[in-house]
Amino acid sequence: MEPILEIAALKKYYGKEQNLTRALDGISFQVMPGEFLVIMGSSGSGKSTLLNCIATVIAPTGGAVALHDKCITTLHGKALADYRGKEIGYLFQSFELIDNLTGRENILLPLALHGVSEGESRERLTKLADYLEVTDVLDKFPAQMSGGQKQRIAAARALILGPEIVLADEPTGALDSDTSVQIMNLLKDVAKDRLVVMVTHNPELAEQYANRIVRLRDGAI
Ligand code: ADP
């Protein structure tokens, strides 16, 4: 079996000389299809830097990230925009929904940006809202939703373009424990046919849901 994601000697250094920080100091690992990967480590260990390198939000100092054997750290222009928009879905601790858009409008935003037709958008929205059980909050604004509903709307937005990878940065950090379990079960289900990479501080969630835990310490595994 070929790995979906391969991280090879990935480095990200900040600053120079005495102020040099090795946020990632040459880490390597592979992720196979169907794995639910959890990244753990104390604050400052490099977790966000790793997630952001996979998301191409920051450019590494050295090494490579490859998705299906294709190096993504050297993408430019349209190929980079397509990768970011279509291959990556992002879930945040703070949901990052747009306050003055309804649930429906938040979910449809990526489709509008990527020029998906109205009919196709409607079909995808109906299916996903049903799967995520958010049909009854589609016309509400984020301020009128519970934390769990907000995160499920955010999950719908992250999934609507059918990304290959879902990156989740402490997605349950702002949720109570029952709602956290709901979101984790959802991510586990999502991980059946795409790659989920999640950062968490919660060892219980990690042990219970991950097939694979990468523990970072000072930028190394
Ligand atoms: P974590 O997500 O595990 O808390 P980060 O990836 O945010 O860790 O940070 C790893 C290290 O890199 C820390 O020492 C942090 O201070 C440093 N770092 C992160 N971003 C920057 C930046 N933009 N400039 C300088 N140092 C940074």
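Helices here are DSSP runs of H or I at least four residues long, numbered from the N terminus. With that in hand, here's a quick tour of this predicted model. There are two stops: the ligand with its surroundings, and a serine, Ser121, that sits in helix α4 (residues 118-132).

**Who surrounds the ligand**
- The shell around the ligand is made up of Tyr14, Thr21, Ala23, Ser42, Ser43, Gly44, Ser45, Gly46, Lys47, Ser48 and Thr49.
- Sort those shell residues by character and you get eight polar, two nonpolar and one charged.
- Helix α1 chips in the most, giving three residues to the shell.

**Polar contacts with the ligand**
- Gly46 uses its backbone: one of its N or O atoms there is 3.0 Å from a ligand oxygen.
- Lys47 reaches in with its side chain, where an N or O atom lies 2.8 Å from an oxygen of the ligand.
- Thr49 also brings a side-chain atom, a polar one, to 2.5 Å from a ligand oxygen.
- On its own the ligand would expose 560 Å², and the protein buries 57% of that.
- Two elements, β2 (21-31) and α1 (47-54), each supply two or more residues to the ligand's shell.

**A look at Ser121**
- Is Ser121 buried or exposed? Ser121 counts as buried because its relative accessibility is 8%, and the cut-off for buried is under 20%.
- A polar atom in the Ser121 side chain lies 2.8 Å from the backbone oxygen of Ser117.
- Setting aside neighbours within four places in sequence, Ser121 touches Leu108, Leu111 and Val116.

How values were computed: Residues are numbered from 1 along each chain as its sequence is written. This is a predicted model: local features need pLDDT of at least 70, side-chain atom pairs count only at pLDDT 80 or more; totals for chains, interfaces and linings use all residues. Side-chain values use heavy atoms; hydrogens and water are left out. A residue is near a molecule or strand if one of its heavy atoms lies within 4 Å of it. A polar contact is a pair of N or O atoms within 3.5 Å; within protein, one must be able to donate a hydrogen and the other to accept it, and residues adjacent in sequence count only if both atoms are side-chain atoms. Accessible areas come from the Shrake-Rupley method with a 1.4 Å probe; for residues, only the protein chains shown count as cover. Ala, Val, Leu, Ile, Met, Phe, Trp, Tyr, Cys and Pro count as nonpolar, Asp, Glu, Lys and Arg as charged, and the others, Gly among them, as polar. Buried means under 20% relative accessible area, exposed over 50%, partly exposed in between (1.4 Å probe, protein chains only). Contact means heavy atoms within 4.5 Å.
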